[in-house]
Amino acid sequence: MPTTVMAPGELVMMDSTVLDAFVVLDDGVVERPELTIALDVATRSICAAVLRPKGTRRR
């Protein structure tokens, strides 16, 4: 059964993906960044976006 969303903020979806690019971190390590986005389903607007080194925590 599909979910019906009527108001902004009622349902927010989050998704993370590793980007197909390389970045040089502060310590000189070359790594692929991960982009995480929070998307409001009702308004289809981006609530937040975070670009970090791959993974949810640093080594």
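## Exercises on strands β1, β4 and β5

The side chain of T36 makes a polar contact, meaning a pair of N or O atoms within 3.5 Å of which one must be able to donate a hydrogen and the other to accept it (residues adjacent in sequence count only if both atoms are side-chain atoms), with the side chain of S16 at 2.7 Å. This is a predicted model, in which local features need pLDDT of at least 70 and side-chain atom pairs count only at pLDDT 80 or more, while totals for chains, interfaces and linings use all residues. Residues are numbered from 1 along each chain as its sequence is written, and side-chain values use heavy atoms, with hydrogens and water left out.

**Exercise 1.** Place T36 in its strand and list its contacts beyond its neighbours within four places in sequence.

*Solution.* Begin with the strand: T36 belongs to β4, strands being DSSP runs of E with at least two residues, numbered from the N terminus. Next, take contact to mean heavy atoms within 4.5 Å; leaving aside neighbours within four places in sequence, T36 then touches M14, D15 and S16, together with A48, A49 and V50.

**Exercise 2.** Work out how β4 is joined to β1 and to β5, and which residues stand opposite I37.

*Solution.* Two strands pair if DSSP finds at least two bridges between them. Between β1 (residues 12-18) and β4 there are seven bridges, and these strands run antiparallel. On going to β5 (residues 45-53), β4 (residues 33-40) is joined by eight bridges, again in an antiparallel arrangement. For I37, the residue opposite in β1 is D15, whereas A49 stands opposite I37 in β5. A further pair across β4 and β5 is L35 with L51.

**Exercise 3.** Describe the turn between β4 and β5, and decide whether R44 is buried or exposed.

*Solution.* First, β4 and β5 form a hairpin with four residues between them, and R44 lies in the loop that links these strands. Second, the phi of R44 is positive, at about 60°, although R44 is not a glycine. Third, buried means under 20% relative accessible area, exposed over 50%, and partly exposed in between (1.4 Å probe, protein chains only); R44 has 74% relative accessibility and therefore counts as exposed.
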